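Subject: A structure for you to look at

Hello,

Here is the structure I promised to pass on to you. Please open it beside this email and take your time with it.

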Amino acid sequence: MATPHPWFDSLKRFDLGDGRQGAYYSLPALEEAGLGRLSRLPVSLRIVLESVLRHWDGRKVTEQSVRGLAGWEPRGAREVEIPFMVARIVLQDFTGVPLLVDLAAMRSAMARAGGDPRRIEPLVPVDLVVDHSVAVDVAGVPEAFARNLEFEFGRNRERYEFLKWGMGAFKTFKVVPPGVGIIHQVNLEHLAQGLLAKPVVWEGQAATLYYPDTLVGTDSHTTMINGLGIVGWGVGGIEAEAGMLGQPVFFLIPDVVGVHLSGSLPEGATATDAALTVTQRLREAKVVGKFVEFFGPGAAALPVVDRATIANMAPEYGATMGFFPIDEECVRFLRATGRSEALCRGYESYYRAQGLFGMPMRGQVDYSAELELDLGAVVPSVAGPKRPQDRIELRGLKRAFLAALTRPVAENGFGKSGAEAGKAVRLSAGAGAVGGGGGGELRHGSVLLAAITSCTNTSNPSVMLAAGLVAKKAVERGLSVSRWVKTSLAPGSRVVSEYLERSGLQPYLDRLGFMLVGYGCTTCIGNSGPLPAALEEAVVRHDMVAASVLSGNRNFEARIHPNLKANFLMSPPLVVAFALAGRVDIDLGAEPVGHDKDGRPVYLRDLWPASAEIRALMETALDPEVYRRLYRDVAAQNPRWNEIRASTGSVFPWDPRSTYIQEPPFFRDFPSQPDPIADIRSARVLGLFGDSVTTDHISPAGPIPAGSPAGKYLVGQGVEPADFNSYGARRGNDRVMVRGTFANVRIRNLMVPGVEGGVTKYQPSGEVMSVFDAAVRYAESRTPLVVLAGQEYGTGSSRDWAAKGTKLLGVKAVVAQSFERIHRSNLVGMGVLPLQFEAGTNAEVLHLEGNELYDVLGLGHQLQPRQDLTLRITRPNGQVQSLRVKCRMDTPVEVEYYQHGGILPCVLRQLMSEG
């Protein structure tokens, strides 16, 4: 057992609430020692400070780290770097499998170097939840869940065997198997404890040290756990691996924006509407890279499930976190979800002892800036058709969609002429129907996909029960869903199915086609499955702007379905309503959803449940015993998982024939010392992009087109197109993923104007070819590459392959107007240099076409964080232009990572030298 340090006499005792005593690092004691007005700090920063204090060792965590954070000033300069040691790490399988591949590759490299491969071992607990691999191949039939599970195991058995090897090879690596739930809901309902403990020796006696539950996760929406007062955010798999291997998560002390919530949600508005409103407001307020902390009476009145819905969307509003402090509501939630009474008492006692219990009110905490939001002003809303921050009031959706139809593509529209806007295509009976019958018309705005999916909403009983009540009222009025609308229900956990059945609402959802298809991310990650071939063919041939409606958090281009161009986020009850209406060009406040069996119009207001109805059902939704029973033995819930056999041993036996799992090239022929940092000279442009290029654009997660470089590779390996699975499922194979980089069917490389898809111009000939083929040619001539981009480059999921693929294509630097937080960090983590144009400067202003030569000057062993460098541009006519760009390595440790070629080479060299 470790011996805790007594620094600043901050190690104290507190009463656990049952007569027992526990040890803890006291923040009030630190304040009494004169380190700052800690009681005025934002709650989220104080929790980080406790970790910094507890891990002080004078090496990784220094006294300067503690004092720097304790002395935080609301509007101070952000120059102090904080080493944050998290208590645990959570992974989902799309990001977790490549992370495990990297760890296995590091073990292989360690073994080749003559070291002990077991030195590569997670030093903090790691939980991986398999939730991203289920696809909606079958929907709208009672056997959909069983058949989709069968497909899932058939496609992914090789990946699951690999995960089982990881469970045996690493001591602290655990897996929640498929068919249990979405990572964030499983975290909220089961994995998160709020308060953790470990045995220590203090004053010569055995004791127990208590500390806050903190984490990072390899999914952007890890922030959902902020709704329970737990500090955590999404990182790329690259950062998570470093954290697993004992490296701190480094970040600059942030600004903390306080959002004062007042009022309460009005009748008819949902937590989803609040989340979409917050997303729009905070994205406009430019909170990218900042902590957001909610406070005030409105925040105190929200139940944890509503707080979690808002916190989940932090990546969409750009914040590192969307944090709600700890209070009585958190304790109620822990009890309601089956946590032990001893934990609940200790949890409350600990945070009271730390002075961290209770929702702050105005004036009690200092923030960098304060924003105001009256929850009473929230109205029913949707977001889309291409970005989650583009909120539209429900009553204005018809007008907004029709305007988007004719707006230019460059202005986030669809570029249709006025004459095209009213086009209709007749569907023959049966040919285009999901259910196999009934003809109809396909128009711009026709809903072809309606999915109750994703962690944002399916973790919230209030909106899930509301969806069931809308379905019940609709069925009782004789309404039905058009048979060419693909409907699906993918709850966040089995608990949701339990309360939908107990409340008697599931049969009504079934009647409308919202039958259980699986427990996982499904549609929100792009695993929406196929539409009928004739229907897809009609959409593509006639270039129709068809729509999906989903209760998710992401609707970036081509993410939901490659052929559905208009994608709208909304609450689960609205998903049901739009499935009934069958179109999005409708004003649900004035036009009927449908007509009853007597031909009378039925309006949304006729179907919408009153808050009292939902509250009455909520009383039965949260039963602690249900949570305890369903999470007692998660492996037992899926016998197929227990049938999986896996190899054993500390080093993974790579199979060169595998199309799912391959040893990546990052550690082959691994030198003991890195090459020195040097200028980049005579680089060519691989891609020239505009604003809001997402990680979905850079590294798609959905289907693999047969004619793409990745598809051709798989066919060459003997894989039939029907067995391609998805890019997300193939992330353990770098050969697939590098070919899929910049391969989204909707990405627009401005070097090839008017063309969508992963193409570029090979220079200097100007020949148009795939990005991958061009990169191969450039590699043959040892030509370094750069990427040019606009605002918010890398928005979206914390997708490590967006950075890994960029690296393997030979890109040395990305020059953008601005970066999204996680992707910038991932680029550094892979040894790719992020550079930022000065304000007012971009590729358009500079009249860049991508046929120039580029030098990056000023790189060397004395490189400093955020240093100004010179970008020298040589145009084809010989004209030379030099401009200043900002090196966006923000901390000293990032410079060290870059010097080593990335985080993992840096960590591996450290471990090899220690060995």
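Below is what was found in it, topic by topic.

Please keep in mind that this is a predicted model.

**Two sheets**

A good place to begin is the strands. As background, strands of a sheet pair through backbone hydrogen bonds, either parallel or antiparallel.

One sheet is a closed barrel of seven strands, in the order β26-β29-β30-β31-β34-β33-β32, and its pairing is mixed. On average, neighbouring strands of this sheet are turned by 40° against each other, direction ignored. To see one pair of strands for yourself, find β29 at residues 785-788 and β30 at residues 811-816: they pair in the parallel sense over four bridges. In this pair, Val786 stands opposite Ala813 of β30.

Another sheet is open, with five strands in the order β6-β5-β4-β9-β10 and parallel pairing. Its edge strands are β6 (173-176) and β10 (231-234), each of which pairs on one side only. Here the average turn between neighbouring strands is 20°, direction ignored. Strand β9 (residues 214-217) runs parallel to β10, and four bridges join them. Gly217 has Gly234 in β10 as its bridge partner. Helix α6 (residues 183-191) lies across β4 (88-92), β5 (126-129) and β9, and it runs at about 140° to β4.

**The nonpolar cores**

In soluble globular proteins, nonpolar side chains tend to be buried together. In this model, the largest nonpolar core has 277 residues. The residues with the most contacts inside this core are Trp233, Phe294, Tyr317, Phe514, Val576, Phe578 and Tyr793. Helix α4 (residues 93-112) gives the most to the core, with 11 residues. Apart from this core lies another one of 31 residues, among them Val685, Leu833, Val856 and Tyr898.

Trp233 is worth a click. Leaving aside neighbours within four places in sequence, Trp233 is in contact with a list of residues including Phe84, Leu215, Phe251, Phe291, Met321 and Arg821.

**An enclosed helix**

Why is helix α10 described as largely enclosed by the rest of the structure? Nine of the nine residues of this helix, which covers residues 304-312, are buried, so the rest of the structure largely encloses it. The buried residues include Val304, Ile310 and Ala311, and also Asp306, Arg307 and Asn312.

**Two buried loop residues**

Is Asp890 buried or exposed? Its relative accessible area is 12%, and because buried means under 20%, Asp890 counts as buried. Asp890 sits in the loop between β34 (880-887) and α31 (892-900). The side chain of Asp890 makes a polar contact of 3.0 Å with the side chain of Arg866 and another, of 2.8 Å, with the side chain of Arg888. Not counting residues up to four places away in sequence, Asp890 touches Leu252, Arg824, Pro865 and Arg866.

Ala843 is in the loop between β31 (833-837) and β32 (853-857). Ala843 is buried too, with a relative accessible area of 11%. Leaving aside neighbours within four places in sequence, Ala843 is in contact with Leu688, Phe837 and Leu848. Try finding Gly690 as well: Ala843 and Gly690 are 153 residues apart in sequence and 8.6 Å apart in space, C-alpha to C-alpha.

**Backbone details to look up**

Most residues other than glycine have a negative phi, and most peptide bonds are trans. Some places in this model go the other way.

- The peptide bond from Gly384 to Pro385 is cis, with omega near 5°. Pro385 is in the loop between β16 (381-383) and β17 (391-393).
- The peptide bond from Gln763 to Pro764 is cis, with omega near 10°. Pro764 is in the loop between β27 (759-762) and β28 (767-770).
- Glu203 has a positive phi, near 55°. This residue is in the loop between β7 (195-202) and β8 (205-212), and at 61% relative accessibility Glu203 counts as exposed.
- Ser682 also has a positive phi, near 55°. Ser682 is in strand β26 (residues 680-688) and is partly exposed, with a relative accessible area of 41%.

Enjoy exploring, and write back with any questions.

Best wishes

Terms used
Residues numbered from 1 in each chain as written. Predicted model: local features only at pLDDT ≥ 70, side-chain atom pairs only at ≥ 80, totals over all residues. Heavy atoms only, no water. Pairing = 2+ DSSP bridges. Helix = DSSP H or I, 4+ residues; strand = E, 2+ residues; numbered from the N terminus. Axes fitted to C-alpha atoms, helices over the stretch in contact; angles between N-to-C directions. Core = buried A, V, L, I, M, F, W, Y, C linked by side-chain atoms within 4.5 Å. Buried < 20%, exposed > 50% of the residue type's maximum accessible area, 1.4 Å probe, protein only. Contact = heavy atoms within 4.5 Å. Polar contact = N/O pair within 3.5 Å; in protein donor to acceptor, adjacent residues only side chain to side chain.
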